[in-house]
Amino acid sequence: MNYYALPSLVLTLVQLWPCTPDMQKKSIKSTDQSFAAVRRVKRGWIWEPLFVTEEQITKMPLYVGQLKSDLDKQDRSLQYILTGEGAESIFVIDEYSGKIYVKQKLDREKKPFYTLRAQVINRNTHLPVEPESEFIIKVRDINDHEPQFLDGPYVATIPEMSPEGTSVTQVTATDGDDPSYGNSARLLYSLIQGQPYFSVEPKTGIIRMASQMDRETKDQHLVIIQVKDMVGQAGAFSATATVTINLSDINDNAPKFQQRLYYMSVSEEAPVGTTVGRVMAEDSDVGENAAMNYFIEGDSTDVFDIITDNETQEGIILLKKRVDYETKRRYSVQAKVVNRYIDERFLEEGPFEDTTIIKINVQDADEPPVFSLENYVMEIAEGAVSGSLVGVITARDPDSDDSPIRYSIVNDMYLKRLFSINEHNGTIITTKPLDREIAAWYNITVSATETRNPEKKSEVNVYIHVLNVNDHEPEFPKYYETFVCENTFSGQLIQNISAVDKDDSVEGHHFFFSLAQEATNISHFTVKDNQDNTAGIFTAKNGFSRQEQLFFYLPILILDNGTPPLTSTNTLTITVCDCDIEVNIFFCRYGTFLYSLGLSTEALVAVLACILILLVFILAVVAIRRQRQKSPFSEKIEEFRENIVRYDDEGGGEEDTEAFDISALRTHTVMRTHTVMRTQKARKNITTEIHSLYRQSLQVGPDSAVFRQFISEKLEEANMDPSAPPYDSLQTYAFEGTGSLAGSLSSLGSNTSDMDQNYEFLGDWGPQFKQLASMYASHRNRRD
């Protein structure tokens with residue numbers, strides 16, 4: 001047989017056993033776990049699984065085993081045949097001896113076993129001597145693959161100070177060798193770098209904490225894990241992986257001030273809210289574990305405050321109240337810092353806070369004057385004479401030099417006309433009497449300025465209340481229109497009255513009503529005070545007569561409750577009305593008016609009728625005049641409408657004279673009518689001008705000065721004629737159009753002579769004007 005030279009293989013020889021009945025009933029167990037290495041007996045065939053170790057062939061071909069029938073007499077009369085996976089290409093058999101050889105290098109990771117079939121036939125008869133039977137050749141594994149970490153790189157995070165044995169993460173490696181045969185795929189993990197803080201479980205690859213670690217000391221660790229196959233034995237393959245382990249922060253550190261004593265200063269001129277300085281506490285933690293709050297402790301909490309800058313975690317000292325150098329020149333402030341979030345697990349280690357002392361010096365400054373009060377409220381009675389004392393304003397220089405103060409009223413010309421202030425002692429007086437009814441309050445702004453440094457000044461508000469004095473008499477709130485019927489009876493209420501007072505009353509106004517002394521005995525009316533600031537007017541007799549007396553003037557005395565009380569006499573006019581008992585104010589008012597004029601009711605009706613007839617007559621006259629003014633214009637419009645024909649074609653030709661003759665529209669009769677209706681001069685003879693312009697149009701275009709002047713004159717005449725329609729409503733055909741070869745086709749000049757015209761040029765205009773050319777040619781021939 002022709003064999004090929006192949007790499008060496010290590011093979012397991014097959015023991016061939018005699019074929020006996022006892023062997024057919026008995027099986028032999030093999031130590032191999034993948035294939036049961038059982039000696040099989042089938043009709044004279046005896047074999048066990050064949051094994052070939054991969055990758056270790058030293059010479060080719062490599063003997064694997066032998067198949068032999070018990071009928072083989074070794075006379076070369078039998079032929080062994082091999083079929084199945086890899087037959088002839090990978091495995092060959094000696095057809096005379098049944099020996100099997102492998103002629104290629106095998107790889108278990110590509111194919112772990114091969115299934116083949118064997119057959120023995122007689123060379124002479126070609127009949128099978130043994131039945132065809134199947135057997136397997138298994139490729140045994142060797143350690144030819146390195147373990148690999150497929151999930152790297154590894155990154156893990158664990159809180160700092162975690163206890164020993166805490167699981168951090170797990171690394172896993174894989175090996176391409178057969179895990180069911182030998183130790184080629186049995187892996188073992190070990191720690192190359194990371195002691196003494198970490199450890200790894202050899203079989204699982206779980207990394208655990210070996211000791212507690214502080215993030216503030218080192219926040220990141222690099223751990224190197226090695227894995228070996230063959231349980232770490234000699235000749236094993238290995239691989240490594242790097243695990244980055246980060247320690248996360250926990251709040252296990254308290255904040256600490258950088259200094260135990262701080263020095264700061266602030267000017268006494270500094271306003272409330274001024275930043276005095278900053279203090280800083282350090283915390284080794286990060287994130288929210290390093291967040292902190294600052295506090296002011298002790299007696300300085302009303303003068304200073306502290307807030308936290310969330311970006312820098314600094315404490316900002318703020319001025320909470322104005323300081324005064326002359327009062328207190330130095331402050332000792334105790335500040336405290338506390339962790340904003342505290343981990344209860346570390347409370348036993350101590351308070352998570354710290355304190356420091358801040359010395360704050362007050363700097364002297366030239367301060368403006370200080371008033372004795374924040375604002376002043378003063379009072380003065382209304383009507384007080386000029387120069388009356390209102391009040392005194394006082395201010396002082398808070399500085400040690402005690403500069404003199406000058407007072408003034410801030411620019412307000414109106415207030416300066418009412419009040420003045422002594423610039424040396426701050427005394428405010430009136431310059432004219434005040435009237436509470438005009439203004440009850442005045443708001444004055446007073447300025448205090450240092451004489452030695454005019455730039456230093458302060459202002460204060462002074463509120464002046466004008467006290468009320470009962471200087472206004474009570475009076476009727478309105479004019480009362482009172483009527484009484486002629487047939488009224490005694491004791492009838494004819495009017496309710498009230499009173500008003502411009503003065504202000506602390507207890508409220510209260511008025512008393514009565515008849516004046518001079519009318520008490522002769523009056524036909526009485527007054528009843530209702531004790532509620534109102535009174536009723538009642539009749540004191542039965543019946544009144546307009547012929548005897550039309551009006552009664554009733555003097556009423558009104559007394560207020562001011563101090564001192566004031567009285568006034570107000571006259572109530574009572575009109576006698578032509579009625580029975582109930583008063584109709586409308587008829588009483590106008591009846592009284594007519595009666596005072598000496599007219600009766602019948603006379604009033606006659607006067608009204610005459611006025612109505614006169615109004616109707618005036619309206620009729622106005623309507624007739626409007627109709628007369630409207631008729632001429634309407635007729636003229638109709639006249640123009642009858643003589644205006646609209647053409648949408650190029651021109652009307654000679655027939656235009658019947659339907660559109662502009663000379664008929666501008667006749668001498670129309671001109672005379674216009675002369676009567678207008679005051680301007682009469683129009684010129686339009687017909688003559690149009691004929692003349694028509695002749696000129698044969699030589700000039702529509703843009704010539706002649707046409708522009710003509711159109712302007714006619715437009716001006718039309719605009720100044722109120723009875724003429726707009727000139728643009730008349731369509732004049734004086735021109736064919738700019739650039740037309742035909743010139744003008746207007747019929748306005750058709751009544752003129754055409755003796756001097758030659759119409760031969762019409763034959764050059766084209767087929768459209770063929771008929772027109774023949775007509776004019778024949779006409780000219782007849783004329784000749």
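This dialogue works through the disulfides of a predicted model.

Visitor: How many disulfides does a search of the whole structure find?

Guide: A disulfide is a covalent bond between the sulfur atoms of two cysteines. In this predicted model, a search of the whole structure finds two of them. Cys485 and Cys579 form one, with their sulfur atoms 1.9 Å apart, while another joins Cys577 to Cys588 with an S to S distance of 1.6 Å.

Visitor: Which parts of the chain does the pair Cys485 and Cys579 tie together?

Guide: Cys485 belongs to strand E37 (residues 482-485), whereas Cys579 sits in the loop between strand E43 (567-577) and helix H3 (585-597), so this disulfide ties together parts that are 94 residues apart in sequence. Both Cys485 and Cys579 are buried.

Visitor: And where do Cys577 and Cys588 lie?

Guide: Cys577 lies in strand E43 and Cys588 in helix H3, with their positions 11 residues apart in the count along the chain. Cys577 is buried, as is Cys588.

Visitor: Is the disulfide of Cys485 and Cys579 left-handed or right-handed?

Guide: Handedness is read from the torsion about the S-S bond. For Cys485 and Cys579 that torsion is about -105°, so the disulfide is left-handed; for Cys577 and Cys588 the torsion is about -85°, so that disulfide is left-handed.

Visitor: What is the pairing when the bonded cysteines are numbered in sequence order?

Guide: Numbered in that way, the bonded cysteines of the protein show the pairing 1-3, 2-4.

Visitor: Is Cys610 buried or exposed?

Guide: Cys610 has a relative accessible area of 53%, and because exposed means over 50%, Cys610 counts as exposed.

Technical notes:
Residues are numbered from 1 along each chain as its sequence is written. This is a predicted model: local features need pLDDT of at least 70, side-chain atom pairs count only at pLDDT 80 or more; totals for chains, interfaces and linings use all residues. Side-chain values use heavy atoms; hydrogens and water are left out. A disulfide is a pair of cysteine sulfur atoms within 2.5 Å. Helices (H or I, at least four residues) and strands (E, at least two) are DSSP runs, numbered from the N terminus. Buried means under 20% relative accessible area, exposed over 50%, partly exposed in between (1.4 Å probe, protein chains only).
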